[in-house]
Amino acid sequence: MFKEITVKDWNGNVFEKIGKDWMLISAEHEGNINAMTASWGGMGVLWNKQVVFIFVRPQRYTNTLLSKSDHFAISFYD
């Protein structure tokens, strides 16, 4: 079972979660869905807005979906 939380409600260590535990990046466009694991990226504040940034190689199918969509999800699991 999983629980959706907002960034404001999360109190974990971003360096530990992304760099050591890894995350799952998910994207969708017109019913095509793909996910990939990643251990790079970050979270922060940019111009007073909370942001998440990820890096995905152009060769990845996930990148194709990310380019066509206006949103994506990152997930962390135990």
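# Group meeting: strands, helices and a few odd residues

Leu 24 has Thr 37 as its bridge partner in strand 2. I start there since that pairing leads into the rest of the sheet. One caution before going on: this is a predicted model.

Strand 1 covers residues 23-29, and strand 2 covers residues 32-38. The two run antiparallel, joined by 7 bridges. Next to the pair I opened with, take Ile 25. Its partner in strand 2 is Met 36.

Now the turn. The hairpin of strand 1 and strand 2 has 2 residues between the strands. Which residue there takes a positive phi? Glu 30 does, with a value near 50°.

Strand 1 has another partner. Strand 5 pairs with strand 1, again in the antiparallel sense, over 3 bridges. For one of these pairs, look at Ser 26. Ala 73 is its bridge partner in strand 5. So much for the pairing of strand 1.

Stay close to that strand for a side-chain contact. Ser 69 sits in the loop between helix 2, 61-68, and strand 5, 73-75. Is Ser 69 buried or exposed? Its relative accessible area is 19%, and the cut-off for buried is under 20%, so Ser 69 counts as buried. A polar atom of the Ser 69 side chain lies 3.3 Å from the backbone oxygen of Glu 28.

On to helix 1, residues 14-21. Which of its residues are buried? They are Val 14, Lys 17 and Ile 18. Viewed down the axis of helix 1, these buried residues fall within an arc of 80°, so they line one face of the helix. Note that a lysine is on that list: Lys 17. On the other side of helix 1, Phe 15 and Lys 20 are exposed.

Past helix 1 comes Trp 22, in the loop between helix 1 and strand 1. Its phi is near 75°, which is positive, and the residue is not glycine. Trp 22 has 40% relative accessibility, so it counts as partly exposed.

A second tryptophan deserves a look. Trp 47 is in the loop between strand 3, 42-46, and strand 4. Here too phi is positive in a residue other than glycine, with a value near 50°. Is Trp 47 buried or exposed? At 74% relative accessibility, it counts as exposed because the cut-off is over 50%.

Now use Trp 47 as a reference point for helix 2. Leu 65 is in helix 2. Its relative accessible area is 3%, so Leu 65 is buried. How far apart are Leu 65 and Trp 47? In sequence, 18 residues; in space, 26 Å, C-alpha to C-alpha.

Helix 2 also holds Lys 68. With a relative accessible area of 52%, Lys 68 is exposed. From Lys 68 to Asn 13 is 55 residues along the chain, and their C-alpha atoms are separated by 30 Å.

Last, the surface. Which residues make the nonpolar patch? Trp 40, Phe 53 and Phe 55 do, and the patch is about 310 Å². Of these, Phe 55 lies in the loop between strand 4, 49-53, and helix 2.

To recap. Strand 1 pairs antiparallel with strand 2 over 7 bridges, and with strand 5 over 3. Helix 1 has its buried residues on one face. Trp 22 and Trp 47 have positive phi. And again, the model is predicted.

Terms used
Residues numbered from 1 in each chain as written. Predicted model: local features only at pLDDT ≥ 70, side-chain atom pairs only at ≥ 80, totals over all residues. Heavy atoms only, no water. Helix = DSSP H or I, 4+ residues; strand = E, 2+ residues; numbered from the N terminus. Buried < 20%, exposed > 50% of the residue type's maximum accessible area, 1.4 Å probe, protein only. Polar contact = N/O pair within 3.5 Å; in protein donor to acceptor, adjacent residues only side chain to side chain. Pairing = 2+ DSSP bridges. Patch = residues over 30% accessible without salt bridge, like charges linked within 9 Å, V, L, I, M, F, W, Y side chains within 5 Å. Areas by Shrake-Rupley, 256 points an atom, 1.4 Å probe, with all protein chains shown as cover. Salt bridge = Lys/Arg side-chain N within 4 Å of Asp/Glu carboxyl O. Arc of directions from axis to C-beta.
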